[in-house]
Amino acid sequence: MILRPVLRLAVAAAAAAVLSGCSLLSTPDPVQLYRFGLPTDAPSVEGDTPAPLSVSIRRIEFPEATGDDRILGVTGTETAYIGGARWVSPASTLFDDSLKAAFANRADQIRVLGRREPGTPPLVLQVTVTSFEARYAAPGATPDVVITARAQLRSTPERHAGGAAIRPEQARSVERVFTVTQPAGENRVAAIVSAFDTATRDINIQIADWTIQSAR
């Protein structure tokens, strides 16, 4: 007859232990996802006339610290990721999409070849991002978004009839470093993300226009 109270006590103790354990689990802070460099609708190209230029864009190279979905803030020599906010996709992927969109809006002047298209592309563009961060002059100040990228455009030897290639010295390579500094309206995540969006569009438009001018 004494087993029943003991069993009830054991069950009650186990239930209390479970509830106690649940109370110790902390709920993770919510993370808001953002994106930048949203592609805009490319203008329609009238007629079937192909673009006079074609280029292959190599995969974007990004610093390890900023190539993923975290947003980097820099204050002097100190760095930290902005809490509660992440990119919806890796920053390198979003930047790549934005660059392609900039070229798509110039489809009447240049065509971007697919990375898996056969044959040797006449022009190859390599973009290496070296800075992609929100810079604070002092803790708590309104930051500036700084993006720096090095673009290298090189021509590849073209095959003539009969299979002969142009001499290597006839191929050329040009490069330029682009830097865009975009102030955030205020020290809030939404304003900082907006600055990243504007700066990304700006630098990729510059890269696309420079590529067309250099290729000509």
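# Asking why about a predicted fold

Modeller: In the protein chain, 74% of the contacts with a separation of 6 or more are between residues 24 or more positions apart. Contact here means heavy atoms within 4.5 Å. Before you quiz me: this is a predicted model, where local features need pLDDT of at least 70 and side-chain atom pairs count only at pLDDT 80 or more, while totals for chains, interfaces and linings use all residues. Residues are numbered from 1 along each chain as its sequence is written, and side-chain values use heavy atoms, with hydrogens and water left out.

Biologist: Okay, basics. How many helices and strands does the protein chain have?

Modeller: Three helices and eight strands. Both are DSSP runs numbered from the N terminus: H or I over at least four residues for a helix, E over at least two for a strand. From the N terminus on, they go α-β-β-β-β-α-β-β-β-β-α.

Biologist: Let's pick a residue in strand 6 (residues 123-136), say E133. Why is E133 called buried?

Modeller: Buried means under 20% relative accessible area, exposed means over 50%, and partly exposed is in between (1.4 Å probe, protein chains only). E133 has 13%, which is under 20%, so E133 counts as buried. Across the 216 residues of the protein chain, 34% fall in that buried group.

Biologist: And what does E133 touch?

Modeller: Leaving out residues up to four places away in sequence, E133 touches L72, V74, D144, V145, V146 and F196.

Biologist: What makes the link from the side chain of E133 to the side chain of R135 a polar contact?

Modeller: The rule asks for a pair of N or O atoms within 3.5 Å; within protein, one must be able to donate a hydrogen and the other to accept it, and residues adjacent in sequence count only if both atoms are side-chain atoms. The E133 and R135 side chains are at 2.7 Å, which is within 3.5 Å.

Biologist: D144 was on that list. Why is D144 called partly exposed?

Modeller: D144 has a relative accessible area of 29%, in between the 20% and 50% limits, so "partly exposed" is the right label. D144 lies in strand 7, and its C-alpha is 4.1 Å from that of P183, although the two are 39 residues apart in sequence.

Biologist: Same strand 6, another residue: S131. Which residues does S131 contact, leaving aside its neighbours within four places?

Modeller: P63, V146, I147 and T148. S131 is buried too, with 13% relative accessible area. P63 sits in the loop between strand 2 and strand 3 (70-75). P63 and S131 are 68 residues apart in sequence and 7.3 Å apart in space, C-alpha to C-alpha.

Biologist: Why does P63 get the label it has?

Modeller: Its 23% is not under 20% and not over 50%, so P63 is partly exposed.

Biologist: Now the inside. Which residues touch the most other members of the largest nonpolar core?

Modeller: Of its 43 residues, those are W87, F95, L125, V127, F132, F196 and I207. Helix 3 (189-215) is among the elements that each supply at least two residues, and helix 3 gives the most, with 11 residues. What makes it a nonpolar core is that its members are buried Ala, Val, Leu, Ile, Met, Phe, Trp, Tyr and Cys residues joined through side-chain atoms within 4.5 Å. In soluble globular proteins, nonpolar side chains tend to be buried together.

Biologist: Why are helix 2 and helix 3 called oblique?

Modeller: Their axes come within 9 Å and cross at roughly 50 degrees. Axes are lines fitted to C-alpha atoms, for helices over the stretch in contact, and angles run from 0 to 180 degrees between N-to-C directions. Under 35 degrees is roughly parallel, over 145 roughly antiparallel, 65 to 115 roughly perpendicular, and the rest oblique. Roughly 50 fits none of the named ranges, so the pair is oblique. Among the residues making the contact are F95 and L99 of helix 2, and I203 and I207 of helix 3.

Biologist: Last one: where does R172 lie, and what does its side chain reach?

Modeller: R172 lies in the loop between strand 7 and strand 8. Its side chain reaches the backbone oxygen of S214 at 2.6 Å. With 40% relative accessibility, in between the two limits, R172 counts as partly exposed.
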